[in-house]
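User: Please take a close look at the buried charged part of this structure and its salt bridges, and then work outward to the parts around other contacts. I am new to this structure, so plain wording would help.

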Amino acid sequence: MLDNVLKRIAPYARLLEPVFAASARGLFRGPTPLRALASSCGHSTAKLPLLEEALRVSSSAEVVRQTAMGAWLVTLEPEACQRLANMLHGVNLYLDQVHHDTDTVAVVISHPAQPSRLVRELEQTLQGTWGLAETADVLLELARRATRRFTVMTPFVDDDGAGRIIELLDLTAPGVRREIIVRGGLPPALQLRRADLERLEAAVFDFRISRDEGAGTETFHAKVVRVDSDECYVGSSNMTAWSFNYSLELGFHVRGAAGKRISQVVDAVLQVSQPALA
């Protein structure tokens, strides 16, 4: 029976191990409000939505129950709780010390300015905006983490975006290679920041090149911020005020094998691009 339960609740092992371990010691045998349960298990209030989700899954597995007043109680006997806690501990031990993800991905969002009907709708969901990282915050953290190279690839740049690019480059450590990829020549907003670009020794590249055969050009619409060789932001945000302050933008913060593959694409773009800061 517990094997089948474990299959259902294993994705929530970190949240649920202390719940069943405490229940084995006699806690949560009676109705316990969600916040009190979380506090007893050492979970922060930020984790309340995920803990509630974990308890709902556990309820569908018939090992916990929610009362009509919304409180929670564990329905397993103490001995079974201890066995389940031990099984969840094994899952956590494997995740922490044995397993290594080939890729890690986090969702990144820029939401419309308040008041926003979209944000209100999102906040009505169980998790609200929990777990959604803000695009601006992720990019700042990426810049701080760069040790070898930092690349901003953006097809559109306005005055706000140019300021953001300079801020990001300024956050990188000395010795980091700083690169910007644009299209159609150096944007006017970056032209006005030429002194900053030269101070930061930033290399600017133009990926809008003539085709080897036939008419037309090769160019891009991708938005990427690359750190070193295996970590990237990939999404819809341009370096513009509209993208960061008014529009819904979604993207991913990618690390690992997928991040390395994206980095290889960026390197290929650099190889075929032309210098834009003469």
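Analyst: A residue counts as buried when its relative accessible area is under 20%, as exposed when it is over 50%, and as partly exposed in between. The model examined here is a predicted one.

With that cut-off, Glu 179 is easy to place: its relative accessible area is 1%, so it is buried. Its side chain forms a salt bridge with the side chain of Arg 149, with a distance of 2.9 Å from N to O. Glu 179 is in strand 6 (residues 177-182) and Arg 149 is in strand 5 (residues 149-153), so the bridge joins distant parts of the chain, 30 residues apart. Arg 149 has a relative accessibility of 21% and therefore counts as partly exposed.

Glu 179 has another salt-bridge partner. Its side chain also meets that of Arg 226, here at 3.4 Å from N to O. This pair again links distant parts of the chain, since Arg 226 belongs to strand 10 (residues 223-227) while Glu 179 is in strand 6, and their positions lie 47 residues apart in the count. Both Glu 179 and Arg 226 are buried. The bridges do not end with these pairs: through shared partners, salt bridges join Arg 149, Arg 177, Glu 179, Arg 226 and Asp 267 into one network.

The structure as a whole holds 15 salt bridges. One of them joins the side chains of Asp 96 and Arg 14, at 2.5 Å from N to O. Asp 96 is in helix 5 (residues 78-97) and Arg 14 is in helix 2, and the pair, 82 residues apart, links distant parts of the chain. Arg 14 is partly exposed, because its relative accessible area is 47%.

Arg 14 also leads to His 43. Leaving out residues up to four places away in sequence, His 43 touches Arg 14, Leu 15, Pro 18, Ala 38 and Leu 51. His 43 sits in the loop between helix 3 and helix 4 (48-60), and it is buried because its relative accessibility is 12%. The His 43 side chain reaches the backbone oxygen of Leu 15 at 2.9 Å.

Ala 38, one of the residues touched by His 43, is part of the buried side of helix 3, together with Leu 34, Leu 37 and Cys 41. These buried residues cover an arc of only 100° around the axis, so they lie on the same side of helix 3. The general reason is that an α-helix has 3.6 residues a turn, so residues three or four places apart point the same way. The buried residues of helix 3 pack against helix 2, helix 4 and strand 2 (72-74). On the face turned away from that buried side are the exposed residues Arg 35, Ser 39 and Ser 40. After helix 3 comes Gly 42, with a positive phi near 80°.

What does Leu 48 in helix 4 touch, apart from its neighbours within four places in sequence? Its contacts are Leu 34, Arg 35 and Ala 38. Leu 48 and Arg 35 are 13 residues apart in sequence, and their C-alpha atoms are 7.3 Å apart. Leu 48 is buried because its relative accessible area is 10%.

Positive phi values also occur in residues that are not glycine. Phe 28, in the loop between helix 2 (13-24) and helix 3 (34-41), has a phi of about 60°, and with a relative accessible area of 6% it is buried. Glu 201 has a phi near 55° and lies in the loop between helix 10 (194-199) and strand 7 (203-206). In contrast to Phe 28, which is buried, Glu 201 is exposed, with a relative accessible area of 67%.

Last comes the surface. Val 105, Val 107, Leu 118, Leu 248, Leu 250 and Phe 252 make a nonpolar surface patch of about 510 Å². Strand 3 (103-110) and strand 12 (249-256) are the elements that give two or more residues to this patch. Val 107 is in strand 3 and, at 34% relative accessibility, counts as partly exposed.

Definitions and conventions: Residues numbered from 1 in each chain as written. Predicted model: local features only at pLDDT ≥ 70, side-chain atom pairs only at ≥ 80, totals over all residues. Heavy atoms only, no water. Buried < 20%, exposed > 50% of the residue type's maximum accessible area, 1.4 Å probe, protein only. Patch = residues over 30% accessible without salt bridge, like charges linked within 9 Å, V, L, I, M, F, W, Y side chains within 5 Å. Areas by Shrake-Rupley, 256 points an atom, 1.4 Å probe, with all protein chains shown as cover. Salt bridge = Lys/Arg side-chain N within 4 Å of Asp/Glu carboxyl O. Polar contact = N/O pair within 3.5 Å; in protein donor to acceptor, adjacent residues only side chain to side chain. Contact = heavy atoms within 4.5 Å. Arc of directions from axis to C-beta.
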